[in-house]
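Colleague: I would like a close look at a single part of this model, taken slowly and with its surroundings described as well. Please start from the structure shown here.

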Amino acid sequence: MCGFCGVWNTNDKKVNQDYLSLMSEKLTHRGPDGHGVWIDEQVPFALAHRRLSILDLSSAGHQPMLSSCKRYILVYNGEIYNHLNLRKKIEERFGSQKWIGNSDTETLITSIMYYGIEKSLKNISGMFSIALWDIKKKELILARDRIGEKPLYYGYNNNIFFFGSELKSLLANPEFKAQINRDSVALQLRNAYIPAPYSIFKNIYKLLPGYYIKITQQDLKNNKLQDSQSYWTYINDAAKQEKNVSSLNIEIEQDKLEKILLNTVKNQMISDVPLGAFLSGGIDSSTIVALMQSASFKPIKTFTIGFNEDQLNEAKYAKAIANHLGTDHTELYVSSSDIINTIDQLPVIYDEPFSDSSQIPTILVSNLAKKNVSVSLSGDGGDELFSGYNRYKISEKFWNVLSKIPHPIRQIISGGIQSVPPKYWNTFSNLTTLGKKYNNFGDKMHKGSKVLESKNLYEVYYKLISNWENPTAVVLNSNEPNTLLTTLKSKLTEFNNQEKMMILDSLTYLPDDILVKVDRAGMSTSLETRMPFLDHELIEYVWKLPHSFKNRNGQGKWILRKILNKYVPKQLTNRSKMGFAIPIDIWLRGPLREWAENLLNERKIKQEGYLNANLVSNKWYEHLSGKRNWSGLLWNVLMFQSWTEKYKNKIIN
């Protein structure tokens, strides 16, 4: 795992090496073990790299790396899990090679030298972002892994083409002119993240997962980029796999899946540094840990964060599973003071406004793990792949009932539900069995009430995943642009309702929220994170299975549960999904109140000129009074406010 950055001056001005050093230094957390620079004075073009040594700890893995033919120079961030197999194939076809070391970087650049960029991208299995400079053609190629585990930003700014692993490296260059994209802020308030290809800054973009882009000298002269090209797409290469409907033997498919999963886990356990795993106690992380432990001769190190608020605490379940599997388990219970200390770091760790509040426990568990290991596996991606989110079944159930009720009646029902404050719905649920099935029942009722006015199933799903439903009313002078969530729905007609939502989540929520959260949290403490469920061959296999193997009788992850139950008793995992939540609603009225009031000051917001101060203030006062729980909406605003406060001296109007 590493970080890189670079510049290409479009006005032929010599690269300022001091500025390049400033950019590189901001990525030290991604690569504390080494650094390197390469400059092409003829163009002028420059690359800088920071290395976190995981495979081949020697200098043979140093980057930027020059190909043996002297034509290509490469920097890359990530891991290529099948690189030893690729070496074997290269030697079988092109003869014995004079390898200088055992790094996957050397394998990658050698593959590109022989096969070219697109075929190499199709051949490799792993997580990565790549910057490749063609010395002969004076051409830059940027590429990103299929699912989007590793970040990559790029764009023109002030007559310079910038690119890098994180925005903070671009911001460090004094020549970078940072202008906020208000449309992106609207997207953040709706989604809690800024979806690709957008970023918080004007004219700076995120490369989409599974894509690469070429930048030529002619592009720079014309001040216009070529369209990026896909080498793998989730819809065509994964989700459109022909379903294996002829063989409905669950035991046979279960055995196949278990073997594929185990092989994937083993591949991702290859490391020259200490390795462990995050364990939440849920189905996904428990499955990964169980397979890791079955493949290891010694106890796997596992890590869990716990909360004193019992309704949010999964640590006790994780501990029980760790005890059963015999892992070397470490847990840490966190308090509001731990959260407050972490909040100050969020703008720096996440670079742009990012408001999934589970970012905080993710940072804390990463810090905990880093004290013992340098690589940690996790179960992220299992929900999207095996139909695990509650919203999949809730959306479908809602619509099956709603579609039979006239729209005017649904509006009346919606108003009635919203007239009852969430705390009273919570009281009601605690007096019934609902309290055992659903956490934060009142919030779910209020969010669900808005769904009643939906005209189709897609609207049900879209409302359930939205925070601010009309973010352009909050963000002054903004327009909410289209995203994959709004443009792809017409291309999903051949899938069933749950599959449509799984695909949309896999293309948006997974790469732009979950993977951003985990990557930045891990890298903030120089911890490499790996996610076996995101192996593209595993994804392609799972999509061949009938949907009934993933979701049966309203229960998601059905086949995954059957595999897990071979290692862990059903009673340890058979419970409602909790997620990685923290009690933001309570803490905003308590230990976080002073911090929040400073950022939500009405006069301050008006002076800054980005948000509708009256609208924000009304939500804040209603939340403080206990009348409504607006913690989700307010957290989105707070993360934007906190970010602008941190970078106000760098942002220009």
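Which helices each supply at least two residues of the lining of the second largest pocket?

Modeller: This is a predicted model, and the part you ask about is lined by several helices, of which helix 8 (234–239), helix 22 (484–487) and helix 23 (497–507) each supply at least two residues of the lining of the second largest pocket. Among the contributors, helix 8 gives the most, with three residues. The pocket itself has a volume of about 340 Å³, and of the 18 residues that line it, the closest to its centre are Tyr211, Thr233, Tyr234, Leu488 and Leu507. Sorted by class, the lining holds 11 nonpolar residues, alongside four polar and three charged ones.

Two of these helices, helix 8 and helix 23, also belong to what covers the buried residues of helix 25, and helix 9 (250–268) and helix 15 (382–386) are included in that cover too. Helix 25 (residues 536–544) is largely enclosed by the rest of the structure, because seven of its nine residues are buried. The buried residues are His536, Leu538, Ile539, Glu540, Tyr541, Val542 and Trp543.

From the pocket one can also turn to the sheet, for strand 11 covers residues 211–215, and Tyr211 is one of the residues closest to the pocket centre. Strand 11 runs antiparallel to strand 7 (residues 139–144), and four bridges join the two; within this pairing, Lys214 of strand 11 is the bridge partner of Ile141. Both strands sit in an open sheet of six strands, which has the order 4-5-6-7-11-12 and antiparallel pairing. At its edges lie strand 4 (65–66) and strand 12 (229–230), each of which pairs on one side only. Helix 3 (residues 104–115) packs on this sheet, where it touches strand 4, strand 5 (72–80) and strand 6 (126–134), and the direction of helix 3 makes about 125° with that of strand 5.

A further buried site is worth setting beside helix 25, namely Asn636, which lies in helix 31 (residues 631–647). Asn636 has 0% relative accessibility and therefore counts as buried, the cut-off being under 20% relative accessible area. Leaving aside neighbours within four places in sequence, Asn636 is in contact with Gln188, Leu189, Ala192, Ser355, Asn467 and Trp468.

Note on methods: Residues numbered from 1 in each chain as written. Predicted model: local features only at pLDDT ≥ 70, side-chain atom pairs only at ≥ 80, totals over all residues. Heavy atoms only, no water. Pairing = 2+ DSSP bridges. Contact = heavy atoms within 4.5 Å. Axes fitted to C-alpha atoms, helices over the stretch in contact; angles between N-to-C directions. Buried < 20%, exposed > 50% of the residue type's maximum accessible area, 1.4 Å probe, protein only. 1 Å grid on protein atoms, 1.4 Å probe; cavity = no way out; pocket = protein on both sides within 12 Å on 5 of 7 lines; lining within 4 Å. Points joined across faces, edges and corners; volume = space filled by probe spheres on them. Nonpolar A, V, L, I, M, F, W, Y, C, P; charged D, E, K, R; others polar.
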